[in-house]
Amino acid sequence: MQELGKAESNSTRIIRQDDKRVIIEKDLDTEYMVLSMGPQHPSTHGVLRLECITDGEVVVEAEPYLGYLHRCFEKYCENVDYPGIVPYTDRMDYLAGMNSELAYCITVEKLLDIEIPRRVEFIRVIVSELNRIASHLVAIGTYGIDLGAFTPFLFCFRDREHIMNLLEWISGARMLYNYIWIGGLAYDVPADFKKRVAEFVTYFRPKAVELCKLLTENEIFVKRTYDIGIMPADVAINYGWSGPMLRGSGVKWDLRRNDPYSVYPELDFDVPVPDGKFSVVGDCLSRHLVRALEMEESLKIIEQCLDKMPEVQGFDSRALIPKKIRPKAGEVYGRAENPRGELGYYIVSDGKSTKPLRCKARSSCFVNLSAMKDLSKGQLIPDLVAIIGSIDIVLGEVDR
Amino acid sequence: MEEAANQMSQTVKESKAAYDIVRERFGNAVSEFDANPTMPFFEVLDASRWVDIALYMRDNSLLQFNYLACLSGVDYPEEQKLGIVCNFECIGKYTHRIAVKVKCQRDGGSIPSVSCVWHTANWHEREAYDMYGMVFEGHPELRRILCPEDWTGFPLRKDYQVQETYHGIKVPY
């Protein structure tokens, strides 16, 4: 056996065997390697495992494995009465508990067909928009950490602390509130609430601009996210994406506008959609931009709600809560715009029991994450981290 | 009948109009329209035509249900059936939305998979299989998604009995 060296190309080895030229190696493929990312990897934002098949630095395929945080939400629901489910909804998307509660409560209220006092509606919108800002701050801060920027994370958590204090003040808890109840609220807001929320809004406006300067206009950050993980609009819709993910692909779709609930129709706010000047529509940077711009819109909504919220002497936020919640037989699909997208509940009531026959939670990150396999094909491993970060998953909601 | 039509809200009327188009094409393969005010729906009676109906609903220029919002598995023990409920919506041209139910036999029943029509159905169907155990024919990789792969039983069935031990760990508490 005589080797003839690398004759045809650099990567082809040719030998002579029995007077014939035999190519024994062509294109010298590197061996595929299976790389398990997670479940305890910091960039997976919780306990998610990605099984990546890699060819050198390139990801051939990444398959997500979930279920590490599965707590049988839907099974619990069939064994607890309707108001008892509210604390469980907090524990799904623990970064945006108020929004999860709101989605659940408006769904059951649709089934019950009851009136909600206007003051309650405004308080609900204020707390859920505050929570939306807090949630986006975590999303933006941790996204910075994923890509190597540590300082914005500290800035985000400093500002988030103000919101946590406000929400702790009105509900008694920092993250798992159990504040929005079916037909009302656990407590009315304290006397100084409006003043302190207004103070926060004036405090936070310049901070949001500062944050943009630190991260969104940061050259390293832009280079890591620009033109990475592009999702075209039609594929995004086909994958059932919603929230900032779908808007990042250029679809102007916001349930607060397209399927309005609570008092959102009365309020004036924009739905930010990237225009392609600063980012490629549908890439990681677009999704980040949507979140950054949405915080400003939430501030606008909060300001308007503070103006419009009616003052009622001796207001009892529990006055209109039904004594026994037993909806008539029927089924309902209700949803609300969560910071991460559409959070929907499909509830079936048999009309006799105080427990739902079926309560399915349609989780926004679960659906957004399902496109991971498609998004990750052919990306570099560091870009994979950028893509997971831009999806902004909360594993509590993915696994339920 | 006219009175009932007048009482329908605008969203239910839109769903009814969408349903009429499907009914015209598929006739008795679909059931009557149920004008449920909170979730108007119809049922697919001939499950073997479910993929045809799904493709028609997505691609017909008057329907364009391009967004599958939710797909939930449901157990109907009194009918001895399992089923799925899909909530559809059109993003873009129209504002109509409608729900569709498909049912199958409780033991060994199967429903055609629509994951080729809407990618999002892939994980939703895996979840429905994980919780209820109905088989989705033609699904690219039908395996458990939330429960461990060697879990026994289907937890959300009404007659589910939890296993005593799992890998030597006591399960019921």
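The exercises below concern a predicted model with chains A and B.

**Exercise 1. Overall description of the two chains**

Task: State how many helices and strands chain A and chain B have, and give the extent and burial of each chain.

Solution.
- Step 1. Chain A contains 15 helices and 11 strands. Chain B contains 4 helices and 8 strands.
- Step 2. The order of elements along chain B reads α-α-β-α-β-β-β-β-α-β-β-β.
- Step 3. Along the principal axes, the C-alpha atoms of chain A fill a box of roughly 100 × 50 × 35 Å. The C-alpha trace of chain B spans about 60 × 35 × 25 Å.
- Step 4. In chain A, 49% of the 400 residues count as buried. In chain B, buried residues make up 43% of 173.
- Step 5. Take the contacts between residues at least 6 apart in sequence. In chain A, 68% of these join residues at least 24 apart; in chain B, 47% of these do so.

**Exercise 2. The helix pair α2(B) and α3(B)**

Task: Classify the packing of α2(B) against α3(B) and list the residues that make the contact.

Solution.
- Step 1. Two packed helices are described by the angle between their axes and the distance between the axes.
- Step 2. Helix α2 of chain B covers residues 10-26, and helix α3 of chain B covers residues 50-59. Their axes come within 11 Å and cross at roughly 135 degrees.
- Step 3. An angle over 145 degrees would count as roughly antiparallel, and 65 to 115 as roughly perpendicular. The angle found here is in neither range, and α2(B) and α3(B) are therefore oblique to each other.
- Step 4. The crossing of α2(B) and α3(B) is right-handed.
- Step 5. Helix α2(B) contributes Val22(B), Arg25(B) and Phe26(B), while α3(B) contributes Ile53(B), Tyr56(B) and Met57(B).
- Step 6. By class, this contact of α2(B) with α3(B) has 5 nonpolar residues, no polar ones and 1 charged.

**Exercise 3. The buried side of α3(B)**

Task: Identify the buried residues of α3(B), decide how they are placed around the axis, and name what covers them.

Solution.
- Step 1. The buried residues of α3(B) are Trp50(B), Ile53(B), Ala54(B) and Met57(B).
- Step 2. These residues cover an arc of only 100 degrees around the axis, so they lie on the same side of α3(B).
- Step 3. The cover over the buried residues of α3(B) includes α2, β1 (41-44), β3, β4 (97-105) and β5 (110-112) of chain B.

**Exercise 4. The helix pair α3(A) and α4(A)**

Task: Repeat the analysis of Exercise 2 for α3(A) and α4(A).

Solution.
- Step 1. Helix α3 of chain A runs over residues 97-112 and helix α4 of chain A over residues 118-146. They pack at an angle of about 140 degrees, and their axes are 7 Å apart.
- Step 2. With the cut-off for roughly antiparallel at over 145 degrees, α3(A) and α4(A) are therefore oblique to each other.
- Step 3. From α3(A) the contact uses Gly97(A), Met98(A), Asn99(A) and Leu102(A). From α4(A) it uses Arg124(A), Val127(A), Ser128(A), Asn131(A) and Arg132(A).
- Step 4. The classes in the contact of α3(A) with α4(A) are 3 nonpolar, 4 polar and 2 charged.

**Exercise 5. The contact between the chains**

Task: Describe the side of chain B that touches chain A.

Solution.
- Step 1. Chain B gives 25 residues to the contact and chain A gives 29.
- Step 2. On the chain B side, the elements giving two or more residues are β2 (67-76), β3 (81-89) and α4 (121-132).
- Step 3. Strand β2(B) supplies the largest share of that side, 6 residues.
- Step 4. The side of chain B that touches chain A consists of 17 nonpolar, 8 polar and no charged residues.

**Exercise 6. Single residues**

Task: Locate Asp227(A), Ser262(A) and Glu137(B), and assign the exposure of each.

Solution.
- Step 1. Asp227(A) is in the loop between α7 (219-225) and α8 (233-238) of chain A. Although not a glycine, Asp227(A) has a positive phi of about 65 degrees.
- Step 2. A residue counts as buried at 20 or more other C-beta atoms within 10 Å, and as exposed at 12 or fewer. Asp227(A) has 14 and is therefore partly exposed.
- Step 3. Ser262(A) is in the loop between α10 (255-258) and α11 (284-308) of chain A. Its phi is positive, about 50 degrees, although Ser262(A) is not a glycine. With 19 other C-beta atoms within 10 Å, Ser262(A) is partly exposed.
- Step 4. Glu137(B) is in strand β6 (residues 135-137) of chain B. It has 14 other C-beta atoms within 10 Å and is partly exposed.
- Step 5. Leaving out residues up to four places away in sequence, Glu137(B) touches Ser110(B), Pro112(B) and Ser113(B).

Conventions:
Residues are numbered from 1 along each chain as its sequence is written. Chains are lettered from A and ligands numbered from 1 in the order in which they are written. This is a predicted model: local features need pLDDT of at least 70, side-chain atom pairs count only at pLDDT 80 or more; totals for chains, interfaces and linings use all residues. Axes are lines fitted to C-alpha atoms, for helices over the stretch in contact, and angles run from 0 to 180 degrees between N-to-C directions. Angles under 35 degrees count as roughly parallel, over 145 as roughly antiparallel, 65 to 115 as roughly perpendicular and the rest as oblique. A crossing is left-handed if the near helix is turned anticlockwise from the far one by less than a right angle, and right-handed if clockwise. Two residues are in contact if their C-beta atoms, placed from the backbone, lie within 7 Å. Ala, Val, Leu, Ile, Met, Phe, Trp, Tyr, Cys and Pro count as nonpolar, Asp, Glu, Lys and Arg as charged, and the others, Gly among them, as polar. The arc is that of the directions from the helix axis to the C-beta atoms.
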